[in-house]
Amino acid sequence: MNIVAHRGYSENYPENTLIAFQEAAKLDVWGVEFDVHLTKDNQLVVIHDEKINRTSNGKGFVKDMTLQELRTFDFGASFAPEFAGQTIPTLTEVLNVFKPTHHIINIEIKSDIFEYPGIEALIANEIHAFDLEKRVIISSFNHESIARFQQIMPNVKTALLFASLVVNLEEYVKNFNSEAIHIPYYYGMRSIIQRAIKNGVIVRAYTVNDHKIARQMETLGVEAVFSDVVKI
Ligand code: G3P
Ligand code: CA
């Protein structure tokens with residue numbers, strides 16, 4: 001089964017930090033996934049939540065702080081004291097880690113709550129600067145963001161993220177010119193998903209941390225699973 005290291009190697013390292021990505025880069029897994037937001041001064045940073053509260057020693061929204069301000073906070077110590085000193089990474093720093101590796105790089109645009117105007121073009125610039133067009137998959141729960149990205153960079157693969165399923169799924173996916181969807185794993189056996197797979201839609205499933213579920217996804221025709229554990 002193809003495994004995607006979810007938020008880096010997030011079982012053993014603080015999620016979405018450089019150490020988590022450096023360790024994921026050493027793994028023989030298919031890909032890596034991480035989440036991107038925009039700072040007050042339009043810098044692309046890698047973090048899951050809109051706020052820094054859960055994963056750092058600071059408080060507040062990413063969108064309200066400059067990169068320099070965000071860099072004053074610790075993103076490692078709350079996971080374990082030995083990781084104190086980890087700061088919020090930029091997209092540039094993370095792409096730098098994976099530039100020399102074989103991994104598929106899934107960049108999730110976290111524009112589903114705050115739209116971060118211009119984020120798609122900024123991400124496209126980075127992908128181009130690193131010459132990573134062939135290894136990147138762009139995904140988002142905000143499908144308008146996907147459409148905007150496709151306009152800017154039609155040669156890069158995209159995937160529509162779903163938290164729940166929609167009626168006429170296949171038609172919806174075709175309209176977006178996306179070849180793939182990313183869904184919660186427990187929808188893998190739904191007939192709507194099984195039909196989509198039979199009809200050529202690529203399905204990847206999140207978040208699978210259990211060996212048996214990973215095998216089940218493989219049997220169901222799911223192409224890859226996002227995993228924190230990675231060695232499943
Ligand atoms: O991209 C798959 C998965 O990461 C989506 O959910 O909340 O972990 O970003 P979340
Ligand atoms: Ca994500």
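This passage describes a predicted model, taking the annotated span, the ligand site, a group of polar contacts and several backbone features in turn.

In the UniProt record, an unreviewed entry, the feature "domain: GP-PDE" is placed at residues 1-232. Within the model this span is 28% helix and 20% strand. The C-alpha atoms at the two ends of residues 1-232 lie 9 Å apart.

Ligand 1 is surrounded by His6, Arg7, Glu33, Asp35, His48, Glu108, Lys110, Phe141, Leu161 and Tyr206. By class, this shell is made up of five charged, three nonpolar and two polar residues. Oxygen atoms of the ligand pair with polar side-chain atoms of several of these residues, including His6 at 2.7 Å, Lys110 at 2.8 Å and Asp35 at 3.4 Å. Taken alone, ligand 1 exposes 290 Å², of which the protein buries 90%.

A group of polar contacts involves Gln150, Thr158 and Ser178. Gln150 is located in helix 5, which covers residues 143-152, while Thr158 belongs to strand 6, residues 157-161. The side chains of Gln150 and Thr158 are joined by a polar contact of 2.9 Å. The side chain of Thr158 also makes a polar contact with that of Ser178, at 2.7 Å. Gln150 has a relative accessible area of 15% and therefore counts as buried, the limit being under 20%. Thr158 is likewise buried, because its relative accessible area is 2%.

The surroundings of these two residues were examined with neighbours up to four places away in sequence set aside. On that basis, Gln150 is in contact with Thr158, Phe176, Asn177 and Ser178. Thr158 touches Ile137, Ile138, Ile146, Phe149, Gln150, Asn177, Ser178, Glu179 and Ala180. Between Thr158 and Phe176, which are 18 residues apart along the chain, the C-alpha separation is 9.2 Å.

Helix 7 spans residues 191-198, and its buried residues are Ile192, Ile193, Gln194, Ala196 and Ile197. These buried residues pack against helix 6 (169-175), strand 7 (180-184) and strand 8 (202-206). Just after helix 7, Gly200 adopts a positive phi of about 100°.

Further along the chain, the peptide bond between Tyr206 and Thr207 is cis, with omega of about -25°. Thr207 lies in the loop that leads from strand 8 to helix 8 (211-219). Tyr206, on the other side of this bond, is among the residues that surround ligand 1.

Positive phi values also occur at two asparagines. Asn16, which is not a glycine, has a phi of about 55°. Asn16 sits in the loop between strand 1 (2-6) and helix 1 (18-25). With 3% relative accessibility, Asn16 counts as buried. For Asn42, phi is near 60°, again a positive value in a residue other than glycine. The loop that holds Asn42 runs between strand 2 (31-38) and strand 3 (44-46). Asn42 counts as partly exposed because its relative accessibility is 45%, and that class lies between the limits of 20% and 50%.

How values were computed. Residues numbered from 1 in each chain as written. Chains lettered and ligands numbered in written order. Predicted model: local features only at pLDDT ≥ 70, side-chain atom pairs only at ≥ 80, totals over all residues. Heavy atoms only, no water. Helix = DSSP H or I, 4+ residues; strand = E, 2+ residues; numbered from the N terminus. Buried < 20%, exposed > 50% of the residue type's maximum accessible area, 1.4 Å probe, protein only. Polar contact = N/O pair within 3.5 Å; in protein donor to acceptor, adjacent residues only side chain to side chain. Contact = heavy atoms within 4.5 Å. UniProt positions renumbered as here; feature names shortened; annotations may be inferred. Near = heavy atom within 4 Å. Areas by Shrake-Rupley, 256 points an atom, 1.4 Å probe, with all protein chains shown as cover. Nonpolar A, V, L, I, M, F, W, Y, C, P; charged D, E, K, R; others polar.
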